[in-house]
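Let's take a walk through this one together. Have the structure open and follow along.

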Amino acid sequence: MKEVVITLMVAVLILFIFKGRNNKYESFVITHIDTLVKHDTIRKFKKGDSIPFVVLGIDTTLIHDTIRILQDYSYVRAYSDTFRIDTDNYVSIQDTISKNKIIGRSYFSNFTQKTIRIETIKTNPNKLEVYLGLLGDLRRFDEKVGVGVGIAIKVPKKGLFTFGATTNQYSLGIYKSF
């Protein structure tokens, strides 16, 4: 009986020693980074008679003959321009003009939006675990049965430490994971 009391006192002492060290373990962070890409393409066309206009002036510096003026007047011309925002994003505008009127206007836009999503998970490491249990043993050489108590202390990243005492014997153990 004296051995059992000593075993319990040693177990409580070990428990207090390892319990004080448990606060030194820090939590660790797992970060996942995902990039989501959204690609939008827009095309629109507008007829020329719905586009407002203003006459800014007449160029009188060049003198043309009547045939060249009528020929230039009746040409259908297409004008295009591209506004580049960055390498992936741009807007392209096309105007078609004839007889001093806009016949049609269209634009084409290409936008790529990148969204970076960062997900952080904070986890705490496994804590100190203590197991108490009952033991039984049988000595082969004298056929005596022993009964006692045992304690196992699981320490994160260190292993499992065991101590047991029965009426027949004492035992110590250390277990490591690989």
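What follows goes from the core to an aromatic pair, then to the surface and a loop.

Keep in mind that this is a predicted model. A good place to begin is the largest nonpolar core, which has 6 residues: Ala11, Leu128, Ile151, Ile153, Val155 and Phe163. Strand β6, covering residues 145-155, gives the most to this core, with 3 residues.

Next, the aromatics. Searching the whole structure turns up 1 aromatic pair. Its partners are Tyr90 and Phe108, with ring centres 6.1 Å apart and planes at 45 degrees, so the pair counts as tilted. The two rings bring together distant parts of the chain: Tyr90 sits in strand β3 (residues 90-98) and Phe108 in strand β4 (residues 101-123), 18 residues apart. Is Phe108 buried or exposed? Its relative accessible area is 19%, and the cut-off for buried is under 20%, so Phe108 is buried.

Now swing round to the surface. Here Ile33, Ile116 and Ile118 make up a nonpolar patch, with about 320 Å² of accessible area together. Ile33 belongs to strand β1 (residues 28-47). Its relative accessibility is 55%, and exposed means over 50%, so Ile33 counts as exposed.

Last stop: a loop. Asn168 lies between β7 (159-166) and β8 (170-175), and at 16% relative accessibility this loop residue counts as buried. What does Asn168 touch, leaving aside residues up to four places away in sequence? The contacts are Asp137, Arg139, Lys144, Val145 and Gly146. Take Lys144 from that list: Asn168 and Lys144 are 24 residues apart in sequence, yet 7.6 Å apart in space, C-alpha to C-alpha.

Definitions and conventions:
Residues numbered from 1 in each chain as written. Predicted model: local features only at pLDDT ≥ 70, side-chain atom pairs only at ≥ 80, totals over all residues. Heavy atoms only, no water. Core = buried A, V, L, I, M, F, W, Y, C linked by side-chain atoms within 4.5 Å. Buried < 20%, exposed > 50% of the residue type's maximum accessible area, 1.4 Å probe, protein only. Helix = DSSP H or I, 4+ residues; strand = E, 2+ residues; numbered from the N terminus. Phe/Tyr/Trp six-rings, centres within 6.5 Å; stacked < 30°, edge-to-face > 60°. Patch = residues over 30% accessible without salt bridge, like charges linked within 9 Å, V, L, I, M, F, W, Y side chains within 5 Å. Areas by Shrake-Rupley, 256 points an atom, 1.4 Å probe, with all protein chains shown as cover. Salt bridge = Lys/Arg side-chain N within 4 Å of Asp/Glu carboxyl O. Contact = heavy atoms within 4.5 Å.
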